[in-house]
Amino acid sequence: MSEHRRKPPQPQGGGRAAARRGQSGSSSGRRAAPRGATGSPSDSYGASSHESDSYGPGGQERPPGGRADARRAAQRSGGGRRRAAEPAGRGGRRGGPNGPGRGRPAASGKKRLIDYPRAGKYGVARWVPSWKLVTGMFIGFFGGLVAVAGVGYALVSVPNIDQTATAQNNVYYWANGTEMVATGGETNRQNVNLSQIPKAMQYAVISQENKTFETDSGIDPKGIARAVFNMARGGETQGGSTITQQYVKNAMLNDQSQTVSRKFKEIFVSIKVGATVSKDDIMEGYLNSAYYGRSAYGIQAAARAYFNKDAVDLNEGECAFLAATLKGATYYDPAGSTSIDPTGASPAANQKRALTQMQDTLDKMVEYGHLNPTVRAKYTKLPDWKNPRSNNELSGQVGYLVDLAKAYLINNDIISADKLQQGGFSIYTTFDKKKVDELEKSVKKVQKANIKPKERPKTDKYVQFGGASVDPTTGAIKAIYGGEDATKHFTNNADATGAQVGSTFKPFVLAAAMKWGVRDPDGPESQAQDERTVVSPKSLFSGENDLKIKNYDGSIWKNEKGKEWLQENDGQESYGTAPKYNIDLREAMRESVNSAFVQLGMDVGLDKVKESAMDAGLKENSLAGTSFPSFSIGISDPSAIRMAGAYATFAASGKQREPFSVQRVTSKDGSIYTHKDAPKDAFEAKVADNVTDVLKTVVEKGTGTNAQLTGREVAGKTGTTDGNKSAWFVGYTPQLSTSITMFRMDDDESKKNREFLKMFGTGGQEKIHGASFPSEIWHDYMEQALKGVKAEPFPTPEPIGEIVNDVPSPTPTPTVSETPSATPTPSPSPSETTTSPSPTPTESCQFDWQCTGDTTGGTDTGGTDGGVSSTPTATSTDTNGNNGNNNGGIFGGPAG
């Protein structure tokens, strides 16, 4: 190796003077001395690659060029002002083997299109974009948006509202595949010119929905941003629409998807409409295409549907009301939409909501100068509205059946309400036309022969019936009776009505005793299965009238104010053998003895009774007073459909199936939905079969003898409530379970504070029982419904449980003045309940039990077969006369 290459590196010094002299190191980073300074052989070299470019040819030093030249020279050599670069492939103290010193990027010599990260900058400054870069990106982004908007604007066209705002029919089919009705998606629509639409209607929607309509461009940027944000987080897109956007949305019914792409398409179309269509045409198109409920599209159809008049004749109050329905007719139609939401969309709730919205609209019209305050003062109540059903094909029971099927689809998230409104579906129901017709005939036969509202208006007016049939093997709803006519009576009486079920609840108490058993009196309140004693139907309980009810451990039950419970029986009679009046559970069910089942419920635990009822198929929100003794005798209010379905669980030997009303749904795109059987094991077969065996006794020789069928085994139970306000019969064969309910309630659903009325003297009878008209209807219907169907026996039950209370402990002495008769068990009687005055609001005992402040006596009247006239405070009567738990329909709300 040459002496030149072995030469040690020169000191780092030299500073600026050396730089000005143009001294440059070799490619190794060492500083080179001027030629001849070392006396080495290298001095004789010419302008080699090891020499600094500060020297010209022949070794002559170039004149210094100042600091700028020095910096450029240093950069060209790969070094900096403070140190030269290390040789390639050789690491230094600060440099790495493959690059420059720590934290200092090598200069590239090439100029980049986008200087980021920034060259010549170090640390944080290297990652801060320059103002040129920021400005360029902003201009590029904004320009891109303008380009996209321009393309989008050019591609969309102004829609023709007459061609696109249409809907198809939904076709409903009977269970056998024949067509029932085509409805639900029909276009009830007739366009009118803007001159035929009152100014009040135009200003009502402007005031309520888009006060800047007459001056805006057709879109609301803030609202759009809010809607897009809601979509981004999975919410609804509603809330960003002007009247122009609503007009466009109505014209785009073929695409109502809640997506960002559809929303942007709507925006572009709205901008184009706002720029090319006059405000008058937009307003006319909007009011002619909007949906007002009741299958009414457009203001003319809405005026006819609600007020039976032409749009031009609408007054200011009616206009403000119709503007309210645009927010969603389900919750603003004063007739209610209980098939979809039995509580939230009840007539009373909807009327209150619609009136509030109507008043708000009128106030805004005054505020914005569109209505004279004097005229506004005339409209403080809802206008008089008309029959909500205009389709004659929905008369009779068909309207109830369609509502039931629609509710099933909507509440089970199979098809949305909006999609059903657009139509185009073929809906195959479970309804058997023959059974529906026979059930209606059976009700009308009894009604015509016995109910005379003109002759006995005080007792026979407002009498209503409801009923439902469920197939125990599938859960399919085969028939319902919803009321006189779906176009006249709008509440479906087969669904939740608020009528208490009375003693038809007792089988669930018996099932709980056979499934879980009674608790050990010496054990804790909550006991495991192996600590309990499963009950045999031969178990003995006291049938004494005015029985003082005990807790499971033998202590006297008292409410929170120390009041005791004395349970009254039908006719204030004691059942069983004197003096202890012991009666087995089979006989207690046959005679519908309240005291025995109230005590049985306490011994089993009311939590288990509740669980038993829910296992059978009742909905939790229909069960009332679950912590009070009267819970066991039917103060709850499930629907007729749910009761038929729950008894079907016993008929199916403990297999519970959810009642359903739609078998399958198809559209032009093919199959949408097909029902799948999903049975649950609610009870062991021996439990359900023993309950059935006990209920057979009720029909064979108890309170339900009117329900006996020719050549068939029948199991069932009667039920009547306190105050004689409702009566039931629920019964079944192995092939069909049917429930019938009867009650009195004012049929005018526009009235507030409707209540159940007493039925003493109704139908010319002293009082109504489940054993009277309900069981007659059940018998007549079932004879025809099962005609031609082979009779099947119930399964023979396996022995179950132990005989509890074979030698019962003495019953506590009731604190009443009368002494029970020491006569033998009375003979069977169709009567199973008596009336007893309900406690006044000032009484500390809130239910129909006998309350005493001590053990020496008391005067309050007791509960009766089938429940009580007042329920716990949490379920007080609402404006529809229901007890606050009017959610006993199927599918977690409405039946269907």
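Author: Welcome! Let's begin with three words you will need: a residue is buried under 20% relative accessible area, exposed over 50% and partly exposed in between. Please keep in mind that this model is predicted.

Reader: Is glutamate 620 buried, exposed or partly exposed?
Author: Glutamate 620 has a relative accessible area of 45%. That value falls in the range from 20% to 50%, so glutamate 620 is partly exposed.

Reader: How many residues apart in sequence are the parts that lysine 610 and glutamate 620 tie together?
Author: A salt bridge joins the side chains of lysine 610 and glutamate 620, with 2.8 Å from N to O. Lysine 610 belongs to helix H22 (residues 606-616), while glutamate 620 is in the loop between H22 and H23. The pair therefore ties together parts whose separation in sequence is 10 residues.

Reader: Which residues are joined into one network by salt bridges that share partners?
Author: Besides the bridge from lysine 610 to glutamate 620, there are salt bridges that have partners in common. Those bridges connect Glu587, Arg590 and Glu591.

Reader: How many Å, N to O, is the salt bridge of arginine 590 and glutamate 591?
Author: Both arginine 590 and glutamate 591 are buried. Their side chains meet in a salt bridge, and its N to O distance is 3.2 Å.

Reader: Is glutamate 318 buried or exposed?
Author: Glutamate 318 meets lysine 309 in a salt bridge of 3.0 Å, N to O. The lysine 309 side is partly exposed because its relative accessibility is 22%. Glutamate 318 has a relative accessibility of 7%, and with the cut-off at 20%, glutamate 318 is buried.

Reader: How many salt bridges does a search of the whole structure find?
Author: We have met several of them, including lysine 309 with glutamate 318. Such pairs are possible because side chains of opposite charge can pair when their charged atoms come close. For the whole structure, the number of salt bridges found is 23.

Reader: Let's turn to rings. What kind of aromatic pair do phenylalanine 505 and phenylalanine 508 form?
Author: This is one of 18 aromatic pairs in the structure. The rings of phenylalanine 505 and phenylalanine 508 are 5.2 Å apart, centre to centre, with 70° between their planes. An angle over 60 degrees is the mark of this class, so the pair is edge-to-face.

Reader: How many residues apart in sequence are the parts tied together by tyrosine 647 and tyrosine 732?
Author: Like the pair just described, tyrosine 647 and tyrosine 732 are edge-to-face, because their planes stand at 85° with the centres 6.1 Å apart. Tyrosine 647 is in helix H23 (residues 640-651) and tyrosine 732 in strand S19 (residues 726-732). The sequence separation of the parts they tie together is therefore 85 residues.

Reader: Which residues do ring pairs link into a cluster?
Author: Tyrosine 647 and tyrosine 732, both buried, belong to this cluster. Phenylalanine 505 belongs to it too, and is buried because its relative accessibility is 0%. The full list is Phe505, Phe508, Phe631, Tyr647, Phe650, Phe683, Tyr732 and Phe794.

Reader: Over the ring of which residue does the charged end of arginine 664 sit?
Author: A charged end over a ring also appears where lysine 279 sits 4.7 Å from the ring centre of phenylalanine 213. For arginine 664 the distance to the ring centre is 3.8 Å. The ring beneath arginine 664 is that of tyrosine 428.

Reader: Is leucine 113 buried or exposed?
Author: Leucine 113 is in the loop between strand S2 (99-101) and helix H4 (131-155). Together with Ile114, Tyr116 and Trp127, it makes a nonpolar surface patch of about 500 Å². At 86% relative accessibility, well past the 50% cut-off, leucine 113 is exposed.

Reader: How many of the residues of H6 are buried?
Author: The buried ones include Ala200, Met201 and Val205. Among the elements covering them are helix H8 (243-251) and helix H13 (347-367). H6 is mostly covered, and of its 11 residues the buried ones number 8.

Key. Residues numbered from 1 in each chain as written. Predicted model: local features only at pLDDT ≥ 70, side-chain atom pairs only at ≥ 80, totals over all residues. Heavy atoms only, no water. Phe/Tyr/Trp six-rings, centres within 6.5 Å; stacked < 30°, edge-to-face > 60°. Buried < 20%, exposed > 50% of the residue type's maximum accessible area, 1.4 Å probe, protein only. Helix = DSSP H or I, 4+ residues; strand = E, 2+ residues; numbered from the N terminus. Lys NZ or Arg CZ within 6 Å of the ring centre and 35° of its normal. Patch = residues over 30% accessible without salt bridge, like charges linked within 9 Å, V, L, I, M, F, W, Y side chains within 5 Å. Areas by Shrake-Rupley, 256 points an atom, 1.4 Å probe, with all protein chains shown as cover. Salt bridge = Lys/Arg side-chain N within 4 Å of Asp/Glu carboxyl O. Contact = heavy atoms within 4.5 Å.
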